[in-house]
Each structure stands twice: as structure tokens, then as C-alpha cells.
Amino acid sequence: MAEAAVENPDQLITSTDPEHPANLIPSLCAKFWTLGWVTGTGGGCSIRDDNLVYLAPSGVQKELMKPTDIYVLSLKDQDPAHKQQRTYLRSPPTYKPSQCTPLFLAAFTRRGAGCCIHTHSHWAVLVTLLLEAKGNSKVFEINNIEQIKGFGKGFGKVGNLGYHDTLRIPVIENTPHEEDLTEYLEAAMEEYPDTYAVLVRRHGVYVWGDNVHKAKTQCESADKVSIYSLDYLFQLAVEMHQLGLPWISDIAQIAPQRS
Ligand SMILES: CSC[C@@H](O)[C@@H](O)C(=O)COP(=O)(O)O
Ligand SMILES: [Zn+2]
């Protein structure tokens with residue numbers, strides 16, 4: 001791991017602004033820990049601010065991270081021919097960068113995302129297990145649920161999905177090493193160009209948005225994605241399954257009755 005020459009690397013992670021990525025990543029991960037989305041060392045998130053990418057270290061309890069633990073790299077200074085040899089503008093002294101780094105970078109470079117969140121949410125894992133039991137299905141599909149309207153139609157598209165539209169999230173198989181997921185995540189992005197998320201079987205989910213707020217909370221207009229909405233849908237789907245209810249239904253024909 002090489003480090004590029006920057007006069008004062010620590011300046012890159014020093015700010016009193018709580019919205020600065022070096023402050024936001026630890027506070028988001030602490031919040032995600034309370035939701036069960038990051039557990040132990042699993043899960044995490046990364047933020048891109050223009051050309052700068054902020055990343056957590058690997059193998060640390062993500063909810064206990066500090067701004068001084070954060071890595072910073074310059075996206076344009078990475079050599080696409082040598083993906084494994086990344087150069088960092090700023091590295092904490094005793095860690096390695098998150099194993100999720102190449103997956104986060106895929107969201108930034110291939111989708112222009114400003115934030116990518118990786119959770120180990122129970123609901124995400126359970127959905128992938130239910131799909132495994134349903135013939136190892138490679139896509140989660142759900143329609144006719146109001147919350148679907150919270151999702152944009154897709155990368156570069158204007159507007160949101162409608163109530164009767166089908167939300168599709170591809171599922172990739174887990175690999176023993178997180179980095180090895182990258183090629184499958186990239187292939188899923190190609191196959192499902194509109195998706196804002198990729199489920200990883202028996203592991204969790206990667207979700208991205210064009211900025212941190214869109215990735216995390218907003219859900220009311222195009223090109224916005226909500227990890228909260230997504231986790232809500234995963235939970236709903238698991239509970240629908242427990243009740244014997246299908247995720248895809250054909251109720252578009254049923255018009256509301258006026259008395
Ligand atoms: C419980 S270990 C989990 C890791 O292998 C991985 O899945 C993960 O999400 C976090 O990797 P990390 O390198 O610690 O950022
Ligand atoms: Zn993980």
C-alpha cells in the first residue's frame with residue numbers, strides 16, 4: 001500500500017463540521033450499529049467528496065471508529081490497471097483499509113455515487129436465504145407496496161418507481177474474501193443498470209446513493225435511495241413470507257371501490 005505525498009495528510013480528516021466525511025463515517029457507523037447493520041467488524045460505509053474518497057479501516061469495530069482512523073484516497077490517482085495497488089493520501093498508522101474498498105470504489109466510479117453503505121442487516125441476510133430456498137434465485141423482486149415509491153427509477157433516470165412497479169435487487173453469491181465480490185458486484189451493476197443496491201447471499205447488502213443523505217435517508221425523488229426504506233422492505237418481505245404472502249402480486253387491475 002503506497003502513500004502519495006501530501007503536505008499535511010491529517011488535515012484531510014480534521015474538521016469541526018459534523019458533516020465532514022471523516023466525522024460522518026464514524027457517526028453513521030455508530031448509528032448503524034444500533035440498528036444491527038454493522039456488527040463487530042462487519043459492514044461499513046464510505047463517502048466520496050468530489051475526487052476524494054474516505055474509507056474506514058478493516059477489522060475494527062465500526063461503531064467505535066474515530067476520524068483519525070479514516071483513510072483518504074484520490075480517485076483520479078488510482079491506476080485502473082493495478083486495482084490492488086491503491087495509493088492513499090492519508091492512512092492511519094496501524095490499520096489496513098477496509099476489505100470493502102474495491103466494492104465502494106465500484107459504486108463511485110461506475111455509478112457516480114457519493115456514498116456507499118454495506119450492512120450485515122439480518123433482514124437482508126434472511127431475504128437472500130429465502131431466495132436461496134426458492135431455487136437459488138438471483139434477484140429479489142417486490143411490488144405493490146407503497147414504500148417502493150421511495151426508490152428512483154434508476155441511474156441517470158428521472159422520477160421514482162410507482163406503486164405498481166417492481167423493485168428488483170440482484171443477489172450475488174458470497175465469497176470467502178470480501179474483495180473477491182467486486183467482479184460479481186460489477187457484473188450485477190451491468191445486468192441491472194437501474195439498481196441502487198446489490199444483495200450478497202448469506203452476508204448482507206451494498207447500497208449506494210448520489211450523496212450520503214440520499215443513500216441514508218431521503219426517498220422522495222429521483223436518483224435517491226434509502227437504506228432505511230430498503231431495510232424496511234427486506235423486513236416486510238421476510239414477514240410476508242412467514243405469513244405465506246407473495247412478494248409479487250397482480251393487484252394492478254383492482255381499482256379502489258367507491259361507495
Ligand atoms: C465479520 S468480518 C466481516 C468482513 O469480512 C466483511 O464482510 C465486512 O463487512 C467488513 O470488512 P472490513 O475489512 O472490516 O471493513
Ligand atoms: Zn461484509
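Across which strands does helix H3 lie? In this predicted model, helix H3 (residues 122-133) lies across E7, E8, strand E9 (197-200) and strand E10 (204-209), and runs at about 70° to E9. Residues are numbered from 1 along each chain as its sequence is written, while chains are lettered from A and ligands numbered from 1 in the order in which they are written. Local features need pLDDT of at least 70, side-chain atom pairs count only at pLDDT 80 or more, and totals for chains, interfaces and linings use all residues, with side-chain values resting on heavy atoms and leaving out hydrogens and water.

**The sheet and its helices**

- Helices (H or I, at least four residues) and strands (E, at least two) are DSSP runs numbered from the N terminus, and two strands pair if DSSP finds at least two bridges between them.
- An open sheet of 8 strands, with mixed pairing, follows the order E4-E3-E2-E6-E10-E9-E8-E7.
- Strand E4 (71-74) and strand E7 (139-143) stand at the edges with a single partner strand each, so one side of each has no neighbour in the sheet.
- Strand E7 runs antiparallel to strand E8 (residues 166-172), to which 5 bridges join it, and Asn143 stands opposite Thr166 in E8.
- Helix H6 (residues 227-242) packs on the sheet, where it touches strand E6 (115-119), E7, E8, E9 and E10 (contact means heavy atoms within 4.5 Å), and its direction makes about 90° with that of E7; axes are lines fitted to C-alpha atoms, for helices over the stretch in contact, with angles from 0 to 180 degrees between N-to-C directions.

**The zinc site**

- The zinc ion (ligand 2) is coordinated by His118 (NE2), His120 (NE2) and His203 (NE2), at 2.0 to 2.1 Å; donors are N, O and S atoms within 2.8 Å of the metal (3.2 Å for Na, K and Ca), and water is not among the atoms, so sites may look incomplete.
- Of these residues, His120 in the loop between E6 and H3 and His203 in the loop between E9 and E10 are 83 residues apart and link distant parts of the chain.
- His118 lies in strand E6 and is buried, with a relative accessible area of 0%, where buried means under 20%, exposed over 50% and partly exposed in between (1.4 Å probe, protein chains only).
- His203 is also buried, at a relative accessible area of 10%, whereas His120 is partly exposed, at 22%.
- Leaving aside neighbours within four places in sequence, the contacts of His120 include Trp37, Val125 and His203.
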